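Please read the points below with the model open. They cover internal space, helix packing and some backbone details.

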Amino acid sequence: MAASSTTSSRADCMEADQAADAAAASGGGTLSMLPLVRLLQLASPTLPIGAYSYSQGLERAVEDRVVHDAASAQGWIGDMLALVVARGEAAIVWRLLRAAGPDWSAFAHWNAWFRASRETAELRAETEQMGSSLARLALDLQLLDAPARDALPTLAPVTLPAAFALAARGFEVPATSALAGYAWAWLENQVLAAMKLVPLGQVAGQRMLVALGGVLPQLVATAAVLADDDIATFAPGFALASARHEIQYTRLFRS
């Protein structure tokens, strides 16, 4: 009797799981299954755009001993998330995600705005190289429809946020989810850089991702409601770290 009851319970659980999977696959969940898979691909560190080679000034912060352990690394990356990404880069990504398709003129404007906001040669080269690589990948994967392909030459040089928005559009990932994926990819890359530079262990890196990943929902919400005139990338410490990195004698990273 007990064995029969256990078998029945397992069957019921399997049926419930199958129903949940079917609902997710058909769009019944927050993000349907295929767009979720595509978003995971876009946010993956295996995406061949060279993200692993950039630290965005973190290497200089370690050189100057501003960042020297797990706590200071989390403080630096957390401040970047709150003061630079949420109120600047993420807000631009949000506008690009919304403009891709409906308004190519606005799309070109925000692509140019973001490029102009890069305060050092390293940061400008970073977004142009990664953006160009992702745009080429999107073309190779046939993610760009005719309007997107027609718009691409007008964007040159295309920035990473613009290329990401084009790829997310091709994969049919909703804007809110795409922005969360973009922010996660940024965060994960920074933590990986900190693990190499400080250095930090794998568990310390995972603790940092748990702590800082928890702020991403608020980051997405902030970026989505920020007015155009409130977008800002003013972060003198970040800009100086990037500028000083350009003349650093020994470097692992390109920024």
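1. A search of the whole structure, which is a predicted model, finds two cavities of 30 Å³ or more. A cavity here is a set of points on a 1 Å grid over the protein atoms alone where a 1.4 Å probe fits but cannot get out, and lining residues have an atom within 4 Å of a point. Grid points are joined across faces, edges and corners, and a volume is the space filled by probe spheres set on the points.

2. As to the basis, local features need pLDDT of at least 70 and side-chain atom pairs count only at pLDDT 80 or more, while totals for chains, interfaces and linings use all residues. Residues are numbered from 1 along each chain as its sequence is written, and side-chain values use heavy atoms, with hydrogens and water left out.

3. The largest cavity has a volume of about 410 Å³. Its lining consists of 25 residues, and Ala 51, Met 130, Leu 160, Ala 185 and Trp 186 are the ones nearest its centre. Two or more lining residues come from each of α2 (33-43), α6 (121-140), α8 (160-170) and α9 (175-197); α9 has the largest share, seven residues. Helices are DSSP runs (H or I, at least four residues), numbered from the N terminus.

4. By class, the lining of the largest cavity has 16 nonpolar, five polar and four charged residues. Nonpolar covers Ala, Val, Leu, Ile, Met, Phe, Trp, Tyr, Cys and Pro; charged covers Asp, Glu, Lys and Arg; the others, Gly among them, count as polar.

5. The second largest cavity has a volume of about 30 Å³. Residues lining it include Gln 41, Leu 47, Leu 137, Ala 167 and Phe 171. Here α6 gives the most, with three residues, and the lining divides into nine nonpolar, one polar and no charged residues.

6. Helix α4 (residues 70-99) and helix α11 (residues 216-225) have axes that come within 8 Å and cross at roughly 55°. The two are therefore oblique to each other, a label for angles that are not under 35 degrees (roughly parallel), over 145 (roughly antiparallel) or 65 to 115 (roughly perpendicular). Axes are lines fitted to C-alpha atoms, for helices over the stretch in contact, and angles run from 0 to 180 degrees between N-to-C directions.

7. The crossing of α4 and α11 is right-handed; that is, the near helix is turned clockwise from the far one by less than a right angle, and anticlockwise would be left-handed. Among the residues in contact (heavy atoms within 4.5 Å) are Leu 81, Val 85 and Trp 94 of α4 and Leu 216, Leu 219 and Thr 222 of α11. This contact has ten nonpolar, one polar and two charged residues.

8. α4 also packs with helix α5 (residues 104-117), at an angle of about 160° and with the axes 8 Å apart. That makes the pair roughly antiparallel. Their crossing is left-handed. Contact residues include Ile 92, Arg 95 and Leu 96 of α4 and Trp 104, Phe 107 and Trp 110 of α5.

9. Which residues are joined by a cis peptide bond? One such bond joins Ala 156 and Pro 157, with omega about -5°, and another joins Val 198 and Pro 199, with omega also about -5°. Pro 157 is in the loop between α7 (146-155) and α8, and Pro 199 is in the loop between α9 and α10 (202-213).

10. Arg 65 has a positive phi, near 65°. Arg 65 lies in the loop between α3 (58-63) and α4. Most residues other than glycine have a negative phi, and most peptide bonds are trans.

Definitions and conventions
1 Å grid on protein atoms, 1.4 Å probe; cavity = no way out; pocket = protein on both sides within 12 Å on 5 of 7 lines; lining within 4 Å.
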